[in-house]
Protein chains: 2
Amino acid sequence: MCIKPERNITLLFYTVEIQHIDTLLHLATVATATTATTNSISLNQYHKVPALLPHVANLLPHQRVAQSFLIPDNLNEQLIKRQEAAIQTKSGKESGLPDEVHVYHSLYPLEEKAGKFFGHPSWLYKAICRTNGKPYVMVRIEGFRLVNEHAMTMVKEWKKIKHANIISIKEAFTTRAFGDSSLIFIYDYHPCSITLFEAYFTPQAQALLHARLQATGGTALPVPETTLWSFITQIASALKTIHAAGLSARTIDIGKVIMTSKNRLRLSCCGILDVLQYETASQKAPYYQQEDLLTFGKLIVSLACNSLQSFLNLPQSFEYISTFYSADLKNVVFYLLSKPSPLKTIDEVIRMIGPRLLHEVNSTQYYTDTLESNLGFELENSRLVRLLSKFGFINERPEFSDDPRWSETGDRYVIKLFREYLFHQVNEVGVPVIDMAHVISCLNKLDAGVDEKILLTSRDDETSIIVSYKEIKDCINSAFNDLYSSFHTNNNKTK
Amino acid sequence: MCIKPERNITLLFYTVEIQHIDTLLHLATVATATTATTNSISLNQYHKVPALLPHVANLLPHQRVAQSFLIPDNLNEQLIKRQEAAIQTKSGKESGLPDEVHVYHSLYPLEEKAGKFFGHPSWLYKAICRTNGKPYVMVRIEGFRLVNEHAMTMVKEWKKIKHANIISIKEAFTTRAFGDSSLIFIYDYHPCSITLFEAYFTPQAQALLHARLQATGGTALPVPETTLWSFITQIASALKTIHAAGLSARTIDIGKVIMTSKNRLRLSCCGILDVLQYETASQKAPYYQQEDLLTFGKLIVSLACNSLQSFLNLPQSFEYISTFYSADLKNVVFYLLSKPSPLKTIDEVIRMIGPRLLHEVNSTQYYTDTLESNLGFELENSRLVRLLSKFGFINERPEFSDDPRWSETGDRYVIKLFREYLFHQVNEVGVPVIDMAHVISCLNKLDAGVDEKILLTSRDDETSIIVSYKEIKDCINSAFNDLYSSFHTNNNKTK
């Protein structure tokens, strides 16, 4: 994307907002993390492979801002935190929760106290599914007696909806495991997410936002135009799929739209109201679809005006939006808040935002480039773990201590010498040298089996061998295969 | 996305095409790979963490087809191949190429013989930049004498263009390093890419395509409608950015549009013609922009009709497109091929394809989900490499052989016993047990320093200790820190 100089001001807004969201998502991951992360240091700096290809790495700062719209500053750290959050558990006794609910175990409360879901007390847990071992979110509507069993057919309809901006429902059921009659909804779990409310309207978020805005001299917008367009695009895309299936979201709410990673929105809790209010839901689908468009409009007004009360005084809010945002954006908000009519549809909204979708495609593609590049790089480590484990299996095995092949005259002695070369280097005055770069570089050459020759010398200088990485590799593989086949043969015998 | 049953036929087309592209990209990666990949086995199956979160893993087969539009079947394998291709080298003597050209070294020919670039003999190399160590593509126009130095200002304009569907130019210069006067263009390098020609029109691609089409009973289309829309979207998005900057692509050609990963297109060689034909380029920008739209249209017709001659008989081609593709698609092609006029613009094209952009956004977001999930998982390995290397540094050091702390009564003895427990397990009849799952699980617990206690016994059954992972972790860290600080202290002294 070509950024012209006159867009400097917009870019300034941009930077402010990115830092603010990055900080909040970072706090979300920190809050849920258990294990220390001091050990999570990346090995990137030691590898021989250029970590990032130029199309990912070589961006000027102002280009980086525009293209890192979806890329967190601390991508790897956030991903590790998400993995950690996913495996976090508490014993049932500690949390006072049942050990098992249907096929779900290891319940872990995601909120400290009960919430309210349209008047019903509700709870949010993470739980592991016994049948596939994966974590899910369990929404529990407390003390709800399902009168009409047909209501569950709505869940079947929702299960067909798969969309990148909608959290998928897995199933719903009733249970007495909590000691009452609860209605349970199971959704895909997105670790370390925050709601739009948490991203923009908590005292903490507002304080961060104000601090950042002040740093720019108070001229920046809380939610820059580009971000707002991205949010509009994502929600509209989700609504199009939902409405096309004859359903309605009914959860376009600042507390129900969640950010699962930087600037990536997803509608949550879809389908719950359809079950809770089944009698009216199926008849009034067109009405609720119109409601979706109205609540969508209100959400955007709240974000644009940085106030949850903004839609109480719409004329003033419109004036604010007209002043600080483009006419196109104002028109979309106008349309969303216009009087419901059969002609007012999400398709028309999509048509209005058409060209803005390009930004969405472009920034998402840049994110995939970054991810592809990082992943390609990290895959190297998977090979090294395998190689280092081979060393572990064959080195210093008590079984081999009397084997002449491992003695100083045997053919396996080279493995011992290479281990010394790899890990036990000393400098000219005999001080141990700890050099990860040396280790990684040697392991990579060993893994590739290159022809490069090295001189291996025993510590007492009695033995010296010149040998290629390829020969060492063959030797290690042969030793490992001997060990493995002895294990395999005997293992089959004893079966 | 909700896939209704009546779309089965489209999905069938889809599957056919995906396999075909996957195969070709796979062949491209195999052709350029050097090191064996038998060692690239993933360790996924051994880790404790659920490798994929449910929103990525739990898709029904027909959903997977729609959402894996951009996701290669063998993602990790392809990424490893790309890394390998990026570091591939040949010595200058072997290839007969200069050792260094400007700041670029390690030239590696990407094509076996010279090509033609609008009448000029041209060569394609991969080269490493000395200043940042990253690989680039070097396009060499042989025997070209640059008359007007101002021509290079065009490169400056192109350097400002950063777009996910355009290969970025880094610089251009003239050189005598090849023994002639050559004009050199440096672009970002995308390993293992194929051109659209290679993807669809080589005898190999056609054979693959026909075999797959026959398997479906001959009812499928060579390029399904969804794929064609995606290609149109990507090229249109690139052209919008180029035209908005007052430039023209002039390379919308089946041999110049390349696929850098599955279904992901990028315009290549942008800017070269602007330098080669500088005199006319700057004056005729509007004319060339109209040309872009026409060549864009021809490209789509060729793909839709699966024939490079199709645009020679446009009425027949239009009839074919009308029969097999939607009216919307036909209209876009019609528009692109309509008579040039100042009112015919890329903006109008974008407006026409508006709603189709949603598919692009959705499939790209699904791809980011998969990548995020895989990356989060692979990051675990980075920690394990670090941990295993620590073992390597401290275990069996000759320096420690007489240290009482490492003897059977010393506090470091637990590390020895844990190593035995980790790698040197034997079964009840004394046969070595090779169990990677055991190793990875123990290492993960060790890394997290959990409170779980294990019984460590020496091989001779003389010593038994009950110890927690946390205690073992502390012990290993203390041993490593001792070693590291001795290295560090002495290292500083000797400096």
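A residue counts as buried when its relative accessible area is under 20%. By that rule Arg140(B) and Asp180(B) are both buried, and their side chains meet in a salt bridge. The model is predicted. Over all chains, a search of the whole structure finds 32 salt bridges and 30 aromatic pairs. The points below take up some of these pairs, then a charged surface patch and a few single residues.

**Salt bridges**

- In the bridge between Arg140(B) and Asp180(B), the N to O distance is 3.3 Å.
- Arg140(B) belongs to strand S5 (residues 135-141) of chain B, while Asp180(B) sits in the loop between strand S6 (169-175) and strand S7 (182-188) of chain B, so the bridge ties together parts that are 40 residues apart in sequence.
- Arg266(A) and Asp369(B) also form a side-chain salt bridge, at 2.6 Å from N to O.
- Because Arg266(A) is in strand S10 (residues 264-267) of chain A and Asp369(B) is in helix H16 of chain B, this pair joins two chains.
- Both partners, Arg266(A) and Asp369(B), are buried.
- Within chain A, the side chains of Arg356(A) and Asp328(A) meet in a salt bridge of 3.0 Å, N to O.
- That pair links distant parts of the chain, 28 residues apart: Arg356(A) is in the loop between helix H15 (346-353) and H16 of chain A, and Asp328(A) is in helix H14 (residues 327-337) of chain A.
- Arg356(A) has a relative accessibility of 28%, so this residue counts as partly exposed.
- Asp328(A) is at 43% relative accessibility and therefore also counts as partly exposed.
- A network of salt bridges links Arg405(A), Asp411(A), Arg412(A) and Asp482(A).

**Aromatic pairs**

- Among the 30 aromatic pairs found over all chains is that of Phe391(A) and Phe418(A), which is stacked because the ring centres are 6.1 Å apart and the planes stand at 20 degrees; planes under 30 degrees apart count as stacked.
- The two rings come from distant parts of the chain, 27 residues apart, with Phe391(A) in helix H16 of chain A and Phe418(A) in helix H17 of chain A.
- With a relative accessible area of 5%, Phe391(A) is buried.
- Phe418(A) has a relative accessible area of 0% and is buried.
- Phe393(A) pairs with Phe423(B); their ring centres lie 5.3 Å apart and their planes are at 80 degrees, so the pair is edge-to-face.
- This second pair crosses between chains, running from helix H16 of chain A, which holds Phe393(A), to helix H17 (residues 413-423) of chain B, which holds Phe423(B).
- Phe393(A) and Phe423(B) are both buried.
- One aromatic cluster is made up of Phe391(A), Phe418(A), Tyr421(A) and Tyr469(A).

**Negative surface patch**

- Glu408(A), Asp460(A), Asp461(A) and Glu462(A) form a negative patch on the surface.
- Of these patch residues, Glu408(A) is placed in the loop between helix H16 (357-394) and helix H17 (413-423) of chain A.

**Positive phi at Glu396**

- Glu396(A) is not a glycine, yet its phi is positive, at about 55 degrees.
- The loop between H16 and H17 of chain A contains Glu396(A).
- Glu396(A) has 26% relative accessibility, so the residue counts as partly exposed.
- In chain B, Glu396(B) has a positive phi of about 55 degrees, although this residue is not a glycine.
- Glu396(B) lies in the loop between helix H16 (357-394) and H17 of chain B.
- At 27% relative accessibility, Glu396(B) counts as partly exposed.

**Cys269 of chain B**

- Cys269(B) occupies the loop between strand S10 (264-267) and helix H10 (272-276) of chain B.
- The relative accessibility of Cys269(B) is 12%, so this cysteine counts as buried.
- Although 152 residues separate Cys269(B) from Phe117(B) in sequence, their C-alpha atoms are 9.8 Å apart in space.

Methods:
Residues are numbered from 1 along each chain as its sequence is written. Chains are lettered from A and ligands numbered from 1 in the order in which they are written. This is a predicted model: local features need pLDDT of at least 70, side-chain atom pairs count only at pLDDT 80 or more; totals for chains, interfaces and linings use all residues. Side-chain values use heavy atoms; hydrogens and water are left out. Patches are made of residues with over 30% relative accessible area and no salt bridge: like charges are joined within 9 Å, nonpolar side chains (Val, Leu, Ile, Met, Phe, Trp, Tyr) within 5 Å. Accessible areas come from the Shrake-Rupley method with a 1.4 Å probe; for residues, only the protein chains shown count as cover. A salt bridge is a side-chain nitrogen of Lys or Arg within 4 Å of a carboxyl oxygen of Asp or Glu. Lys and Arg count as positive and Asp and Glu as negative; His and the chain ends are not counted. The place of a charge is taken as NZ of Lys, CZ of Arg, CG of Asp or CD of Glu. Helices (H or I, at least four residues) and strands (E, at least two) are DSSP runs, numbered from the N terminus. Rings of Phe, Tyr and Trp (its six-membered ring) pair if their centres lie within 6.5 Å; planes under 30 degrees apart count as stacked, over 60 as edge-to-face and the rest as tilted. Buried means under 20% relative accessible area, exposed over 50%, partly exposed in between (1.4 Å probe, protein chains only).
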